[in-house]
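Here's a quick tour of a protein and the ligand it comes with. Take a look at the picture before you read on.

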Amino acid sequence: NIQNDMDKVVTCLAPVNIAAIKYWGKRDERLILPLNDSVSLTLDCDQMHSQTSVIAGPFIKEDGIWLNGQIMPIETNERLQKCFNLIRQLIVKRKGENCPEAKWKIRVCSENNFPTAAGLASSAAGYACLVYTLANAFDLLNEDLSSIARQGSGSACRSIYGGFVHWKAGIDDLGSDSIAVQIADDTHWPEMRIIILVVNDSQKKTSSTVGMQKSVETSELLKYRIQKCVPERTTQIIQAIKDKNFEQFAEITMKDSNQFHAVCLDTYPPCVYLNQVSHEIISFVHDYNEATGQIKVSYTFDAGPNAFLFILQNDLSSFMSELIKVFPTDQPISSYIRGIVSTQSDMLK
Ligand code: 2P0
């Protein structure tokens with residue numbers, strides 16, 4: 001797209017991803033290298049997404065980034081700087097040290113169409129979108145973008161790919177093997193739906209970054225989880241995804257969410273992300289499955305009280321009609337995505 005001057009704005013969208021095997025804990029804070037593998041589903045772009053526009057050129061005096069209409073201080077934001085620098089390094093690698101583009105200043109404007117930092121994976125979509133849009137603007141889409149997105153926010157490396165994604169923790173100290181790979185693309189398992197129950201969309205008290213640092217420092221359960229549980233679960237859930245074995249996928253997802261929140265409680269002082277309504281949703285799901293005699297639906301919770309429910313299309317309407325009896329809402333329940341069914345804003349407060 002770029003010759004001597006970038007005379008157009010490049011705009012891209014990136015979706016959020018929801019982890020079924022959770023990333024929690026780093027072995028290297030600076031390079032954002034995780035202690036364990038994680039597995040996620042990337043939603044479709046037409047629902048919860050970040051949208052980023054980039055313009056660059058000699059006519060821009062300094063780098064600038066606006067997030068949801070507010071200017072972000074780049075000088076004090078190490079992660080943003082890292083992403084800009086890594087992209088510039090790639091430009092030099094591709095086009096030579098003397099290419100003018102490497103010196104161009106860049107303007108970025110980014111917006112989320114959902115609440116930022118409310119445990120709805122906003123940093124994942126945001127950094128994935130930033131890196132992808134910059135790469136697109138500078139013709140770098142063939143490069144490994146997941147390792148750059150990872151250095152913006154760990155979970156962002158998974159949003160670089162659609163469908164079902166495995167972020168391999170890797171063992172290299174420099175992170176060369178800590179990359180996201182696609183397990184299956186977004187046409188695989190089209191019956192899979194995700195229902196998002198927005199219990200609370202306010203900003204969370206302990207950010208994931210800080211929460212996981214504290215867990216690494218203080219939680220014994222985290223060590224056990226990483227060594228004894230996650231490796232086997234990762235292998236099993238990848239197989240379940242490939243086989244479209246919903247019951248296996250769903251059971252592992254619930255167990256991993258529960259263990260992740262147990263680690264949060266085992267952290268000292270504890271990180272409490274779930275609330276009373278979250279626990280009521282968990283009970284509701286188990287009661288529903290018990291009544292049907294099968295695992296028809298599963299839940300997972302990130303660093304916040306909002307629930308992500310996985311269900312197959314065929315079971316969706318009967319489940320929804322039971323759900324709204326217990327958790328009523330005036331909001332219309334819109335049915336989205338390969339991924340996703342509904343955000344029922346504020347309904348559960
Ligand atoms: C996940 N979370 O796998 C887990 C589950 C939250 C709970 O990835 O410090 O915002 O930027 O690497 O990516 C949130 O962690 O943290 C996260 P950083 P990030 O989705």
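The notes below go through the ligand's surroundings and then two groups of paired strands.

Keep in mind that this is a predicted model. There are 15 residues around the ligand, and the shell takes at least three of them from each of domain 1 (10-184) and domain 2 (192-343).

**Around the ligand**
- Coming nearest to the ligand are Ala-19, Ser-153, Gly-154, Ser-155 and Thr-209.
- Helix 2 (122-137) and helix 5 (208-218) are the elements that each give two or more residues to this shell.
- By type, the shell splits into six nonpolar, seven polar and two charged residues.

**A four-stranded sheet**
- Four strands line up in the order 2-5-10-11 to make an open sheet, and their pairing is antiparallel.
- At the edges sit strand 2 (17-21) and strand 11 (180-184), each pairing on one side only.
- On average, neighbouring strands here are turned by 35° against each other, direction ignored.
- Four bridges link strand 2 with strand 5 (residues 38-42) in the antiparallel sense.
- Ala-19, which you met beside the ligand, has Ser-40 in strand 5 as its bridge partner.

**Strand 14 and its partners**
- Strand 14 (residues 307-312) is largely enclosed by the rest of the structure, because five of its six residues are buried.
- Strand 12 (residues 192-197) runs antiparallel to strand 14, joined by six bridges.
- Strand 13 (residues 297-301) is also antiparallel to strand 14, with five bridges, and the two form a hairpin with five residues between them.
- Phe-310 in strand 14 is the bridge partner of Ile-194 and also of Ser-298.

Technical notes. Residues are numbered from 1 along each chain as its sequence is written. This is a predicted model: local features need pLDDT of at least 70, side-chain atom pairs count only at pLDDT 80 or more; totals for chains, interfaces and linings use all residues. A residue is near a molecule or strand if its C-beta atom, placed from the backbone, lies within 6 Å of it. Ala, Val, Leu, Ile, Met, Phe, Trp, Tyr, Cys and Pro count as nonpolar, Asp, Glu, Lys and Arg as charged, and the others, Gly among them, as polar. Domain bounds come from an automatic or database domain assignment. Two strands pair if DSSP finds at least two bridges between them. Axes are lines fitted to C-alpha atoms, for helices over the stretch in contact, and angles run from 0 to 180 degrees between N-to-C directions. A residue is buried if 20 or more other C-beta atoms lie within 10 Å of its own, exposed if 12 or fewer, and partly exposed in between; C-beta atoms are placed from the backbone.
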